[in-house]
Amino acid sequence: MEFLDLKTQQNRIRKPLEKRFSAILDHGGYIMGPEVYELEEKLADYCGVKHAISCSSGTDALLIPLMAWGIGPGDAVFTTPFTYVATAEVIALLGATPVFVDVYESTFNIDCEKLELTIKNTISEGKLRPKAIIPVDLFGVPARYRLIEDIAKKYDLKVVEDAAQSFGASIRNQKVGTFGDVAATSFYPAKPLGCYGDGGAIFTNNDDLAEILKAIRIHGTTSDKYNSEIIGLNGRLDSMQAAVLLEKLTIFDEELDLRQKINNQYRSRLNNCQYIPNDYISSHALFSIFLDSEEERNKTIDKLKENSIPVVVYYKYPIHLMQGFAYLDYQEGDFAISEKLSKNILSLPMHPYLSSEDIKLVLKILEK
Ligand SMILES: Cc1ncc(COP(=O)(O)O)c(C=O)c1O
């Protein structure tokens, strides 16, 4: 059994993909070739958003909008400590300060009451200027954007949706990619829509912002590629990766349905799963369960591994307790729910091609 099976998927798209690779070898436009623009159009269409701007990774997709707004030293950007490190890293890279907010125990996403409280505290302390919020759609479940957007409006903050894991998800039929000022996704191979290397995309309905994002992606250049107008970076997607994504996009909705079915099968026998609110559709990037304690979690991992069932812990360390972020001076106990989750969570195999028999086996071992 595989935790993630990219081989079966590859077999389905291999022929048309080879045709696309061959076309790229012929035309030679390896970076920002026609496949990249074709992909951007299809991604924008898929999400129902005006601009989809491809880039080199999910990390750069988060970084570029923060750069566009000039976020830097003295600025506070609010996010959660229970996410992949890239979410907080981009804030720190710009010299701004990640200000953490704990998550809900049910959805594992940013707690909106705590968010508003933290914003108020930051304002009254007067040391940092609140600038932006990066909510994370953990494991594929969107955060509470209606509430988050209201809070952002009230305190004049930007919102970057970290949709690295949630491409394809939606709230009340509104697709991820359309929430906040900007959304950022990742096409890392393990993501619901992944390429065969690094890749990402930024989504926005704001025309002026889209132009700035595009410029930053290519060293801050617009019409003259040797004349930088603003500080940018090498954040381009290459044509081979775009070709992979174009072919994977043709089977993406079908794969989302398959993930949904697997999710349903797991949930029919498990009640210790991430909560998905009504009207929310997850992309089911990962299927995570929580146990009563760290000891129980570790015993469960051993039991599954003894039966050759691959499992992974996302995330073993909340960011505020990572050594790289020690300079922020957070302590153990500051974010009780994130800390608890990091001790009692584990992710089970999840991919569109997981068989019913495999799921039954996982469930049987879990119930032992
Ligand atoms: C929540 C989250 N944010 C950001 C990223 C960064 O994406 P990438 O690995 O494409 O840079 C990831 C990828 O794992 C992620 O899971």
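Okay, let's start with one residue, Thr 118, which you'll find in helix α5, the stretch from 112 to 125. Before I go on, please keep in mind that this is a predicted model. So, is Thr 118 buried or exposed? It's buried, with a relative accessible area of 18%, and the cut-off for buried is under 20%. And what does Thr 118 touch, if we leave aside its neighbours within four places in sequence? The contacts are Phe 78, Val 99, Phe 100 and Val 101. You can also look across from Thr 118 to Pro 130: they're 12 residues apart in sequence, and from C-alpha to C-alpha the distance is 10.0 Å.

Right, on to the sheet. How many strands does it have, and in what order? There are seven, forming an open sheet, and you read them as β1-β9-β8-β5-β4-β2-β3, with mixed pairing. At the edges you've got β1, residues 51-55, and β3, residues 97-100; each has a single partner strand, so one side of each has no neighbour in the sheet. If you ignore direction, neighbouring strands here are turned by 30 degrees against each other on average.

Let's walk through some of the pairings. Strand β4, residues 129-133, and strand β5, residues 158-162, run parallel and are joined by two bridges. If you want a spot to click on, Ala 132 has Lys 158 in β5 as its bridge partner.

Now for the helices on this sheet. Helix α3, residues 58-68, packs on it and touches β1, β5, β8 and β9. Its direction makes about 160 degrees with that of β8. Helix α7, residues 207-217, packs on the sheet as well, touching β1, β8 and β9. Compare the direction of α7 with that of β1 and you get about 10 degrees.

I'd like to stay with β9 for a moment, residues 200-204. How many of its residues are buried? Five of the five, so β9 is largely enclosed by the rest of the structure. Gly 200, Ile 202 and Thr 204 point one way from the strand, while Ala 201 and Phe 203 point the other way, and all of them are buried. On one pairing, β1 and β9 run antiparallel, joined by five bridges, and there Cys 55 stands opposite Gly 200. β9 also pairs with β8 in the antiparallel sense, over four bridges. In that pairing, Ala 184 has Ile 202 as its bridge partner.

Next, a pair of helices. α2 covers residues 34-47 and α8 covers 239-249; they pack at an angle of about 40 degrees, and their axes are 8 Å apart. The crossing is left-handed. Which residues meet there? From α2 we have Glu 35, Val 36, Glu 38, Leu 39, Lys 42 and Leu 43, and from α8 Ser 239, Ala 242, Ala 243, Leu 245, Leu 246 and Leu 249.

Now the aromatics. The structure holds 18 aromatic pairs, and I'll show you two. In the pair of Phe 139 and Tyr 315, the ring centres are 6.4 Å apart and the planes are at 20 degrees, so it's stacked. Phe 139 sits in the loop between β4 and α6, and Tyr 315 in the loop between α10 and α11, so to speak a link between distant parts of the chain, 176 residues apart. Phe 139 is buried, at 0% relative accessible area, and Tyr 315 counts as buried too, at 11%.

The other pair is Phe 167 with Phe 252, and this one is tilted: 5.5 Å centre to centre, with 40 degrees between the planes. Phe 167 is in the loop between β5 and β6, and Phe 252 is in helix α9, so the pair ties together parts that are 85 residues apart in sequence. Both of these Phe residues are buried.

There's a bigger grouping to look at, too: Phe 3, Phe 82, Tyr 84, Phe 108, Phe 139, Phe 290, Tyr 314 and Tyr 315 form one aromatic cluster. And over at Tyr 46, Lys 175 lies over the face of the ring, 4.5 Å from its centre.

Last stop: Asn 344, in helix α11. Asn 344 is buried, with a relative accessible area of 5%. Leaving aside neighbours within four places in sequence, Asn 344 is in contact with Ile 289, Phe 290, Leu 291, Ser 293 and Arg 297. Phe 290, you'll remember, is one of the residues in that aromatic cluster. That's my tour, thanks!

How values were computed
Residues are numbered from 1 along each chain as its sequence is written. This is a predicted model: local features need pLDDT of at least 70, side-chain atom pairs count only at pLDDT 80 or more; totals for chains, interfaces and linings use all residues. Side-chain values use heavy atoms; hydrogens and water are left out. Two strands pair if DSSP finds at least two bridges between them. Axes are lines fitted to C-alpha atoms, for helices over the stretch in contact, and angles run from 0 to 180 degrees between N-to-C directions. Contact means heavy atoms within 4.5 Å. Buried means under 20% relative accessible area, exposed over 50%, partly exposed in between (1.4 Å probe, protein chains only). Rings of Phe, Tyr and Trp (its six-membered ring) pair if their centres lie within 6.5 Å; planes under 30 degrees apart count as stacked, over 60 as edge-to-face and the rest as tilted. A charge sits over a ring if NZ of Lys or CZ of Arg is within 6 Å of the ring centre and within 35 degrees of the ring normal. A crossing is left-handed if the near helix is turned anticlockwise from the far one by less than a right angle, and right-handed if clockwise.
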